[in-house]
Amino acid sequence: MNLTKIIGTFLLGTLLISCNSKPKKERVAEKEKVNILWVFGEDISPWMPAYGDSTVTTPNIDFLVDNGVLFKNVFSMSAVCSPTRSAMITGAMPTTIGVHNHRSGRSNVQVTLPEYVQILPKIFKEKGYHTFNEGKDDFNWQYNWDDYWTGPHKTNKFFGKEGHGSWNDRKDGQPFFGVIELFGGKNKNKPPTLVHPDSVTVPQYYPDIPQIRKEIAAHYNQIKMTDIEIAGIIEQLKKDNLYDKTIIIFMSDNGYKTPRDKQFLYDGGLHMPLVIASPGNPKLLNQKGVREDLVNLLDVTATTLALADIEIPKYMESKDVFAEDFHRNFVVAAKDRCDFTIDRVRAVRTKDFKYIKNFMTDRPLMQPQYRDNRPTFIALKKAFNDGVPFANDWLKDFRPAEELYNLNEDPDEVHNLANDPKYATELEKMRGRLNKWIKETGDKGQYPESKEQLKVVYERWGDRCVNPEYDVVKSE
């Protein structure tokens with residue numbers, strides 16, 4: 001069977017694919033179905049050599065890059081895990097199919113998907129694949145694990161051990177689509193050599209205080225541990241004679257847990273690593289190089305189907321990045337309720353500009369959230385109250401209705417240009433893109449959550465639910 005819509009060969013010695021260029025498509029004749037393995041590094045920002053940061057070495061990620069395609073400008077559709085994963089497993093924006101509120105599936109309030117939505121592992125199962133998810137899933141609706149995965153529900157990282165949902169639980173000769181979840185930005189293990197806090201660079205939107213340096217250094221150590229774990233996955237594929245039959249897709253779901261990154265729609269929360277490689281058999285993915293064009297993390301879904309030569313459902317908002325006509329002028333990201341914190345924020349990003357619309361200006365940007373009692377948050381608030389300078393004062397008690405950033409001049413997104421007359425035309429253009437997108441997709445975030453769902457959240461979090469939306473259930 002023809003495997004995929006895969007892109008053509010390069011001459012010997014070609015090192016990079018230039019900005020926005022994609023080689024001619026070439027279909028590879030292979031009778032055997034390809035295996036596809038998603039490797040998720042949870043909560044990982046692209047602070048690695050492949051993205052220009054050499055604070056730690058990542059030889060195994062670099063190995064994938066050297067034997068595949070590195071995507072430099074990939075942005076998530078959400079800065080928190082469950083909406084992102086819900087989108088990637090369905091190929092639709094979470095706001096389009098009503099799964100945008102964080103962990104809304106973890107309750108007794110039934111959350112259902114539109115009938116037309118298909119689930120990626122179910123599609124693969126119907127095509128005869130063994131499917132497994134080794135670790136976290138975290139989708140925002142209720143479902144039966146066995147409907148999606150033929151492997152058992154295990155959270156330990158055994159990388160191929162039988163009985164743990166791995167590729168070694170499949171039938172002889174059966175292809176697999178699998179997901180391995182690495183702890184990534186939540187990894188508590190330490191690499192052999194630690195990054196010292198004094199050696200890191202602090203983004204200008206954070207004050208240069210010891211706790212922030214400690215947090216940043218910790219993430220570099222976690223990235224190093226993730227790289228070591230990827231080596232283990234590659235080695236196990238080799239031992240099981242699957243290395244030359246498998247496409248590996250390495251990525252993350254959202255940025256690191258630092259305060260203005262994870263859960264927020266700045267690039268720190270949305271900019272994702274993405275590498276698609278087949279180091280064991282270049283014919284499975286006959287392309288190497290760097291892609292600079294704009295990509296939505298959601299596009300991994302359609303690309304995965306295309307690599308397996310499976311038709312992409314028409315409803316999907318995901319696109320095959322290797323299709324000849326692939327192109328995105330902009331990507332959209334959304335933030336809605338995260339745990340007990342109710343919010344509605346939308347972002348539109350082009351190559352050069354970021355536009356953010358804050359719909360709930362009655363509450364501060366950094367309103368009460370689940371991380372408030374953690375050391376980094378406590379240190380930040382103390383520094384702010386002590387008068388330590390903060391770029392653009394994002395800890396103040398108010399936030400603007402609109403934000404606009406020139407990403408070429410201001411990659412840290414600290415100089416809001418929304419009120420600058422010189423950027424009035426750009427502001428209007430970005431505002432129009434968002435309004436059109438909301439209308440065309442039927443963005444479900446414009447409608448409040450049900451009383452039943454709010455009650456469930458309130459029953460879990462209690463007095464931490466300070467948003468006025470909870471008033472309707474507090475008196476009951």
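**Entry 1: helix 2**

I began with helix 2, where 10 of the 10 residues are buried, so this helix is largely enclosed by the rest of the structure. I note that the model is a predicted one. I listed the buried residues of helix 2 as Cys81, Ser82, Pro83, Thr84, Arg85, Ser86, Ala87, Met88, Ile89 and Thr90. I then looked up what these buried residues pack against, and found strand 1, helix 3 (94-97), helix 4 (120-126), strand 4 (176-182), strand 5 (246-251) and helix 8. After helix 2 comes Gly91, for which I recorded a positive phi near 80°.

**Entry 2: cavities**

I searched the whole structure for cavities of 30 Å³ or more and recorded five. For the largest cavity I noted a volume of about 70 Å³. Which element gives the most to the lining of the largest cavity? It is helix 2, with three residues. Strand 1 (35-41) also supplies at least two residues of this lining, as does helix 2 (81-90). I wrote down the full lining of the largest cavity: Trp38, Phe40, Arg85, Met88, Ile89, Asn133, Lys136, Asp137, Phe139, Trp149 and Val179. By class, this lining holds seven nonpolar residues, one polar and three charged.

For the second largest cavity I recorded a volume of about 60 Å³. Its lining includes Gln263, Phe264, Leu265 and Tyr266, together with Lys335, Asp343, Val345, Ile356, Asn358, Leu365, Arg399 and Glu403. I sorted the lining of the second largest cavity into six nonpolar, two polar and four charged residues.

**Entry 3: largest pocket**

I turned to the largest pocket, which contains about 850 Å³ of space. It is lined by 31 residues, and I noted Pro46, Asp267, His271, Pro411 and Asp412 as the closest to its centre. Strand 2, helix 6, helix 7 (267-270) and strand 7 (289-296) each supply at least two residues of the lining of this pocket. I recorded the division of this lining as 12 nonpolar, eight polar and 11 charged residues.

**Entry 4: nonpolar cores**

I looked up the largest nonpolar core and found 64 residues, with Leu37, Trp167, Leu237 and Trp394 having the most contacts inside it. Helix 6 (residues 210-239) provides the largest share of this core, nine residues. A second, separate core has 63 residues, among them Met93, Val99, Met272 and Phe322.

I examined Trp394 further. With neighbours within four places in sequence left aside, Trp394 is in contact with Tyr205, Tyr206, Pro259, Arg260, Leu365, Met366 and Leu380. Leu365 also appears in the lining of the second largest cavity.

**Entry 5: Gln222 in helix 6**

I stayed with helix 6 to look up Gln222, which lies in this helix. Is Gln222 buried or exposed? Its relative accessible area is 7%, so I entered Gln222 as buried. Leaving aside neighbours within four places in sequence, I found Gln222 in contact with Gly184, Gly185, Lys186, Asn187 and Tyr256.

**Entry 6: aromatic pairs**

I searched the whole structure for aromatic pairs and found 23. One of the pairs I looked up joins Phe71 and Phe322; it is tilted, with 6.2 Å centre to centre and 50° between the planes. Why does this pair tie together parts that are 251 residues apart in sequence? Phe71 lies in strand 2 (residues 68-75), whereas Phe322 lies in the loop between helix 8 (299-307) and strand 8 (331-335). I checked the accessibility of both partners. Phe71 counts as buried because its relative accessibility is 0%, and Phe322 counts as buried at 2% relative accessibility. Phe322 also belongs to the second core.

I next looked up Tyr143 and Tyr148. Their ring centres are 4.5 Å apart and their planes are at 10°, so I recorded this pair as stacked. At 24% relative accessibility Tyr143 counts as partly exposed, whereas Tyr148, at 6%, counts as buried.

Finally, I noted a cluster in which ring pairs link Trp38, Phe40, Phe124, Tyr129 and Phe177. Of these, I had already entered Trp38 and Phe40 in the lining of the largest cavity.

Notes:
Residues are numbered from 1 along each chain as its sequence is written. This is a predicted model: local features need pLDDT of at least 70, side-chain atom pairs count only at pLDDT 80 or more; totals for chains, interfaces and linings use all residues. Side-chain values use heavy atoms; hydrogens and water are left out. On a 1 Å grid over the protein atoms alone, a cavity is a set of points where a 1.4 Å probe fits but cannot get out, and a pocket is an open set with protein on both sides within 12 Å along at least five of seven lines; lining residues have an atom within 4 Å of a point. Grid points are joined across faces, edges and corners, and a volume is the space filled by probe spheres set on the points. Helices (H or I, at least four residues) and strands (E, at least two) are DSSP runs, numbered from the N terminus. Ala, Val, Leu, Ile, Met, Phe, Trp, Tyr, Cys and Pro count as nonpolar, Asp, Glu, Lys and Arg as charged, and the others, Gly among them, as polar. A nonpolar core is a set of buried Ala, Val, Leu, Ile, Met, Phe, Trp, Tyr and Cys residues joined through side-chain atoms within 4.5 Å. Buried means under 20% relative accessible area, exposed over 50%, partly exposed in between (1.4 Å probe, protein chains only). Contact means heavy atoms within 4.5 Å. Rings of Phe, Tyr and Trp (its six-membered ring) pair if their centres lie within 6.5 Å; planes under 30 degrees apart count as stacked, over 60 as edge-to-face and the rest as tilted.
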